[in-house]
Amino acid sequence: MLAQESFRQGNTAWQEGAYALARDWLERANRQARDNPHVMFALILARQAVGDNENALKLLDQLLEKFDFREGWSLRATLKQASGVGYQALLAIRHLLTYYACTPDIEKLATIITRLNGVPCWYGLQGNGQIVGVGLPAKGLQLVVDGKLKKAVRKKGAWFCPAGWQTAQTLCVMFSHGMSFPDSGVCPQKIMQCEGLVDVGEKGLTGWVWQPHDSDNAPVLDILEAKTNKKILTFCAEDFCNSVSSKQPLARYRAFTIPFSALPEGPVRVMGPDGKDLAGSPIDPDILRSAASQIASYMAEQSKGKEHSRTRVSVPKIIPIPVMDEGNAQPKVSGDTAETVIVIPVFKNAMRTLACLQSVQASLKPRASVHVWVVNDASPEPELVTSVSAFCQQAGFRYLERARNGGFPCAVNEALRHLTAYDVVLLNSDTLLPEGWLQALRQVAYAASDTGTVTPLSNDASIFSYPDQQGANPVPDLEETDLFMQMAQAANAGRSVEVPTAHGFCMYIRHDCLRQAGLLREDVFAQGYGEENDFCMRARALGWKHMAATGVFVAHVGSSSFGESASPLMLRNQKVLEQLHPGYHDYVARWMAADPLFAERRRLDLVRFRSDRAEDFSDQAVLLVTHAVGGGVEKVVQERIDFWRNRKIRPLVLRPSEKGCLLEDGESEVKYPALCFAFAKEIGLLLRLLRAEGVRRIEFHQITGHDQQVKDLPARLKCEYDVFVHDYIWFCPRISLMGWKNRYCGEPDVATCEVCVTVLGRHVDDASSVATYRKVAHAFLQKAEQVFVPSRDTERRLQKYFPDVSFTVRRLEKDSFLKKQFQIPEPVERKTAQASAFFAQGLKRTTSRIRVCVVGGIGPEKGYDVLFEAAVDASLRNLPLEFVVVGHTRDDARLLKTGRIFVTGQFQKEDVVPLIHAVDADIALLPSVWPETWCFALGDIWKAGLHVVAFDLGAPAERIRATGLGSVVPFGISIQELNKKLLEKGREMENKRSLSFA
């Protein structure tokens, strides 16, 4: 919501012509919603508008790496030319002319860029087939279309492509002097590409459509009878559609509705201008709408009996099969085994498809009774057709070719109709197969008589995804896939778990299940998504079970065949699936909540974890106990990880999780998300693992969120431990010494502390009295080999409660070095600095304000209330004072309403110093109202060259006094006095900066 509001404010400012203000809001939105393409492009335009072309280009290049869109390339050409890099501007123009319809704007831009860079002639193609450009001959224009010489057609003084141009891969214009631009030709098939979706609505067929490479054009659609391909209707989708959620920047979707009255009975095809079906086509408009009446009529006729029925009523296509947790059907088991056929539909991406086929061939044993059928689903890529058919001939694979693209269900059924006596593996063409995968699947398939399907684990396969259950896993190469397979076999060979459904990326179907359940449904799932789930529910209703083979791993790249229509098609088919099988999604949700695969994933994680220790590391390990919320503690933990890694000792990290605690390997970026342990039930397993890893020492950094038994680990492992103090959790159950008024409590007597935690609550999972709590902490700290504290101030506070504990001061930064490197920043034009346009709104005077920078995530402890009150006071008394939070707060909107505070939004750690520079502050404020034990934000502020004002509280005050890089004010000072000090110190530093750069 924060990002949406910032984006809205930015758009409003843009529309009003306040480009600098738009930039401020959009920079904030971009930090709040990182990688959102719509926010990114709006910010790119705003940066360009205020003259920040360099940073506009940086962000634009990031965006174009992910999204290929016309406006982005046009802007890149413009910015590169403006920056004096003409050859890169030409590259952008070449991309536009090659892959996009040449609109008037592109035509104008291409003319300018080519002329400025000495290119005498160029050409492009409009969506209607007209050839435009500079230097085209008046007579006899020759073309090369897919390698064949053809003549352009002259009409009314313009050149047009010959018939059939829309399906051409390449089209080149032949100039008399031999030079042409773009030199590789244009791609008509790409220009004509169409994306869309069709569904059944209340009044007829509804959907959306657009041409990504000719988005100004309203697509013309054809409606055909599916059985005869007879054209019924042609219409133009002109109305813009706002209901499609898309990441594609500036997508121009068009909506359409075709009333039932204009449609025939039975299925129809909805064809785009590229001659291909929209996603969801073919579709039967009546199949869902009339399902209830069809079932009622069918049942009525059946109830009359054959002797009384006069009407022949066909079986309805939609007959709901409710999903039950338990069924009593018995499958028709053949009792025999069968040979196996692997069915691989292919469509796009020749390189990926060949990699799949090669891995299949390599994985099969010589003379194994396994057949491979490859079904070419009318691929639009000539290279794929040629290379795949040649490979199949060489490998002995059977090759089938469909005349028309129908999607995964049609392509699979093309083979299945001939294979009901075989075990069949449905395999996506974007998979990689390791050695032994098929034998392992087959072993599970025949381990129980009622097993109908078997699916392996994969990096991207919904409920079968591993290691991350959400599927956010890197795609392994073949070598890594083989390694995953070996690990899976070591952990789970022959093991299986019942699952609600199989997954079509790699789905082993036993012959007797296939014979009884039938084929995939082409009539309702169109190009795909959901068809294997429907098959599994039908098989399940017949008594068959579906199993996950947890000892098998197959890599899966993940499909991109459907473009922008993938997600809407999936949503559409999920609705169809629920209509066919009421309760399906609830059934799957219950299974996922129970997570029966967890133990299998953890076994595999354990095997990987144990084998992933670096070869040059010793057999020892250190365990770092910490929390999972980042911040300064995490920074220290990462530094300690580096410390141990440099000594070739494996650093392990233990964090709290929903299931208890999560063990991580600090040695690498590899994740083991299933290494979770519930302390109450699984402490023994965790201890065995830590002993096996050779844990000889534990570092306790933060125990918040952990079970209190975590403190028993040193005794149970018989190892030494150190404590790193980051806050006051050891004597304050509220952790940060925050008292009644959301301020530092002053550390009262224990009786007052008891009242405080009773009324205000605890932030630790320990209900004991404060006295008992401190007694337990005392004993734990006493037994530690060392207790490290970041500052003398922290040491003095802890010594008060634990006088017989020895504390070692270990500073987290070298302040002497920061002081030596301290440099007042060169002033920038305040009007162009970030946040200036925000503060300039409504100002009628020119008196300069002191700008105060506040860095970090500002919550109650960090002084949110102080900051708010200071801004309100500055506003009420009209003080020349304004604040910029470089970071985020607990309630940005409340601060922004004061008109005296701007909040940049959360930053990446590497961006903090440049961002502080960008806001051009005069001084900084640390408004923390608890005695911080360190404060990394203070170091960042000094790196940016700002003096700091802080309360006389905790380590920051100690450090400011030691360095002289700021001022300390009494804690409890009034807001008016605080603002007075900020103005004084701000004017002092403003003058110093002016003199330094005079």
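Let me begin with Arg-442, which at 25% relative accessibility counts as partly exposed, and I should say at once that everything I describe today comes from a predicted model. Arg-442 is in helix α14, residues 437–445, and its salt-bridge partner is Asp-423, with the closest N and O atoms 3.3 Å apart. Asp-423 belongs to strand β17, residues 423–427, and the two residues are 19 apart in the chain, a separation that counts here as a link between distant parts. The two partners sit in unlike surroundings, since Asp-423 has a relative accessible area of 0% and is therefore buried, whereas Arg-442 is partly exposed.

That pair is one example from a longer list, because a search of the whole structure finds 63 salt bridges. A second case that I would like you to look at is centred on Glu-882, whose side chain meets that of Arg-849 in a salt bridge of 3.0 Å, N to O. Here again distant parts of the chain are linked, with Glu-882 in strand β33, residues 881–889, and Arg-849 in the loop between α29 and β32, 33 residues apart. Are these two residues buried or exposed? Both Glu-882 and Arg-849 are buried.

Glu-882 also forms a salt bridge with Arg-851, at 2.9 Å from N to O. Because Glu-882 lies in strand β33 and Arg-851 in strand β32, this pair ties together parts that are 31 residues apart in sequence. The relative accessible area is 4% for Glu-882 and 1% for Arg-851, so with the cut-off for buried set at under 20%, Glu-882 is buried and Arg-851 is buried as well. Elsewhere, salt bridges with shared partners join Arg-610, Arg-613, Arg-650, Asp-665, Glu-667 and Glu-693 into one network.

Let me turn now to the sheet that contains β17. It is an open sheet of eight strands with mixed pairing, and the order across it is β16-β15-β14-β17-β21-β19-β22-β20. Its edges are β16, residues 398–401, and β20, residues 496–499, each of which pairs on one side only. Direction ignored, neighbouring strands in this sheet are turned by 25° against each other on average. As general background, strands of a sheet pair through backbone hydrogen bonds, either parallel or antiparallel. At the β20 edge the pairing with β22, residues 545–553, is antiparallel and runs over four bridges, and if you want a place to find it on the screen, Ser-496 stands opposite Ala-549 in β22. Towards the other edge, helix α12, residues 382–395, lies across β14, β15 and β16, and runs at about 150° to β16.

A separate piece of strand pairing is the hairpin of β10 and β11. Strand β10, residues 220–225, and strand β11, residues 231–236, pair in the antiparallel sense over five bridges, and Leu-221 has Phe-235 in β11 as its bridge partner. Five residues lie between these strands, and within the hairpin Asn-229 takes a positive phi near 60°.

That brings me to backbone geometry, where the general expectation is that most residues other than glycine have a negative phi, and that most peptide bonds are trans. Lys-156, in the loop between β5 and β6, has a positive phi near 50°, and Ala-835, in the loop between α28 and α29, has a positive phi near 85°. Which of the two is buried, and which is exposed? Lys-156 has 89% relative accessibility and so counts as exposed, whereas Ala-835, with a relative accessible area of 1%, is buried.

There are also two cis peptide bonds to point out. The bond from Ser-281 to Pro-282 is cis, with omega near 0°, and Pro-282 is in the loop between β13 and α9. The bond that joins Tyr-466 and Pro-467 is cis too, with omega about 5°, and Pro-467 is in the loop between β19 and α15.

Helix α15, residues 478–492, holds the last residue on my list, Thr-481. Thr-481 is buried, with a relative accessible area of 0%. What does Thr-481 touch, leaving out residues up to four places away in sequence? Its contacts are Leu-432, Pro-434, Pro-476, Phe-553 and Ala-555.

How values were computed. Residues numbered from 1 in each chain as written. Predicted model: local features only at pLDDT ≥ 70, side-chain atom pairs only at ≥ 80, totals over all residues. Heavy atoms only, no water. Buried < 20%, exposed > 50% of the residue type's maximum accessible area, 1.4 Å probe, protein only. Contact = heavy atoms within 4.5 Å. Pairing = 2+ DSSP bridges. Axes fitted to C-alpha atoms, helices over the stretch in contact; angles between N-to-C directions. Salt bridge = Lys/Arg side-chain N within 4 Å of Asp/Glu carboxyl O.
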